[in-house]
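Hello,

Here is the structure I said I would pass on to you. Please open it next to this email, and I will walk you through what turned up.

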Amino acid sequence: DKPPNLDKPPNLDKPPNLDNQPRWPDEKIQNRIRSTIEEYGSLHDEKELLISFDEMPISQAAVFFIDISIEQIIDGKSQIQQSALTCIRLLLSNQRLPSSDVLRGLEPKLRDLPDRSMDSPKAFEMVAKAVSLLLVYGKCDTDWLSFKQGKRVGGEHEDDGTIFESERKRFFRQLLTELAAVANPPQPVQHIISKLERLAN
């Protein structure tokens, strides 16, 4: 099989105008997203991925897609993890994931990440792979991510600020590694890395 072209959109250049599309029941859209990621993992058909995504209410789909894909990246088997990551990049490169919806889906995942890492030792590494893509495609900026010294990771606590401090640094160190490893980024990554380095040390 030919590898997917992750940066050049296919013939579906612009997402349809779905602003007025009725909201789907949560369970319906969650099931559709899971099946879409699984189907892409089997068929590697970018056009079908975009068609399936565009059938869903776009804002609702983007929030749930980030939520579910990160769950699969943390807990899924290797093939599903890779499929979810590739789907994220394809949707980003085809301008299907609005920034505001990406952040709504991402924030609770980062807040819960230190707890999730206790059961899934590779959670930091896998989530950093996803967040690195969101950063290089401009859907998650460094100011948002570094809010209150990176406390989106683990959330805020009424203490002296040290709860999850080591976990935050571990995540940001991993994120720097993943940013440097992004293949064919759509923008230079060094300025992003420079802005996040202080959170890793």
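S120 sits in the loop that runs between α5 (99-119) and α6. Keep in mind as you look at this residue that the model is a predicted one. Is S120 buried or exposed? With a relative accessible area of 12%, S120 falls under the 20% cut-off, so it counts as buried. Leaving aside residues up to four places away in sequence, S120 touches I74 and D75. With D75 there is also a polar contact between the two side chains, at 3.1 Å.

Next, please find helix α2, which covers residues 46-54. Just before you reach the helix, look at D45, which caps its N-terminal end. A side-chain oxygen of D45 lies 3.1 Å from the backbone nitrogen of K47.

E46 belongs to α2 and makes a nice puzzle for a charged residue. It is buried, yet it has no salt bridge. How far away is the nearest side chain of opposite charge? That side chain is R96, and it is 8.3 Å away. A salt bridge needs the two charged groups within 4 Å, so R96 does not make one with E46. What E46 does have is a polar contact of 3.0 Å, side chain to side chain, with N94.

E46 is one of the buried residues of α2, and the others are L49, L50, S52, F53 and D54. Which helices do these buried residues pack against? They pack against α1 (26-43), α3 (58-75) and α4 (78-93).

Now for the nonpolar core. The largest one has 60 residues, and L145, F171, L175 and L196 have the most contacts inside it. Helix α6 (residues 123-136) gives the most to this core, with 11 residues. Try colouring L145 and its surroundings: not counting residues up to four places away in sequence, L145 touches L110, V131, L135, C140, G150, R152, F172, L175 and L196.

Last, a word on cysteines. A disulfide is a covalent bond between the sulfur atoms of two cysteines. How many disulfides are there here? The count comes to 0. Two cysteines are still worth finding on your screen. C87 has 0% relative accessibility and therefore counts as buried. C140, one of the residues that L145 touches, is buried as well, with a relative accessible area of 1%.

Have fun exploring, and write back with any questions!

Best wishes

How values were computed: Residues numbered from 1 in each chain as written. Predicted model: local features only at pLDDT ≥ 70, side-chain atom pairs only at ≥ 80, totals over all residues. Heavy atoms only, no water. Helix = DSSP H or I, 4+ residues; strand = E, 2+ residues; numbered from the N terminus. Buried < 20%, exposed > 50% of the residue type's maximum accessible area, 1.4 Å probe, protein only. Lys, Arg positive; Asp, Glu negative; His and termini not counted. Polar contact = N/O pair within 3.5 Å; in protein donor to acceptor, adjacent residues only side chain to side chain. Core = buried A, V, L, I, M, F, W, Y, C linked by side-chain atoms within 4.5 Å. Contact = heavy atoms within 4.5 Å. Disulfide = S-S within 2.5 Å.
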